[in-house]
Amino acid sequence: MREWVGRGVELRDPYDAALVRSAPREIRRWLAKAIAEEETARIVSTLGIGFTVWNNVAVAKTGGNIDHVVLGPGGLFAVSSHDWGSEVRMSKGELVGEAIGDDEEPLRSLGANARALGRAVGVRFSALVVVVPDDDLAVAYEQVERGRQAGAVVIRRSLLPQLLRNGLGGSAGESIDRIFDLRSRLQSSLTFV
């Protein structure tokens with residue numbers, strides 16, 4: 001925002017709604033994404049001692065990143081936070097919505113990054129999760145049933161803690177020994193953006 005407003009300009013509140021609305025579309029999208037990531041990071045940081053969270057994890061092979069990697073009793077989750085500012089829904093295994101660009105494939109992108117990171121570190125993610133503001137999803141969550149992204153979920157932000165604690169329906173979760181093994185492997189291997 002400082003770059004757009006002008007160098008040396010002191011911003012009282014970079015999240016000021018009037019200032020954000022007056023910004024160019026691309027800056028508004030970047031800011032909305034950053035705020036969504038911060039909100040998800042805040043939520044997962046309150047899950048408790050049984051969880052380990054890594055934010056902005058770099059994926060060298062793809063040049064991308066995973067917003068949040070969360071390890072806990074429910075499994076190992078690759079989490080991406082978004083706020084397109086309009087309602088989204090699942091269609092043919094991908095998220096679609098008025099504000100999602102034709103060239104954007106949030107689930108496929110998260111899936112590619114998670115597979116590349118999993119191969120590099122030697123882990124397998126229990127689920128891919130795209131988190132959106134509560135008002136942007138008509139249902140509590142939607143899950144991809146078939147195809148390469150099977151098991152991927154788009155979920156309302158307020159329901160994320162429940163998903164991370166319980167895992168996907170029917171999943172057995174992780175044993176304590178397995179969690180400690182995964183945590184050690186991830187801790188020694190992950191790099192950050």
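1. First, the term you'll need: a pocket is an open set of points, on a 1 Å grid over the protein atoms alone, where a 1.4 Å probe fits, with protein on both sides within 12 Å along at least five of seven lines; its lining residues have an atom within 4 Å of a point. Keep in mind that this is a predicted model, where local features need pLDDT of at least 70, side-chain atom pairs count only at pLDDT 80 or more, and totals for chains, interfaces and linings use all residues. Residues are numbered from 1 along each chain as its sequence is written, and side-chain values use heavy atoms, leaving out hydrogens and water.

2. Start with the largest pocket, at about 870 Å³ (a volume is the space filled by probe spheres set on the grid points, which are joined across faces, edges and corners). It has 31 lining residues, and Arg29, Lys33, His82, Trp84 and Glu104 are the closest to its centre.

3. Who builds that lining? Helix H2 (17–22), helix H3 (25–44), strand E2 (64–72) and helix H4 (106–121) each give two or more residues; helices (H or I, at least four residues) and strands (E, at least two) are DSSP runs, numbered from the N terminus. H3 has the largest share, 11 residues.

4. Now the second largest pocket, with about 360 Å³ of space. Of its 17 lining residues, Arg115, Arg124, Phe125, Leu128 and Arg148 lie nearest the centre. H4 turns up here too, and both H4 and strand E6 (127–132) supply at least two lining residues; H4 gives the most, 5.
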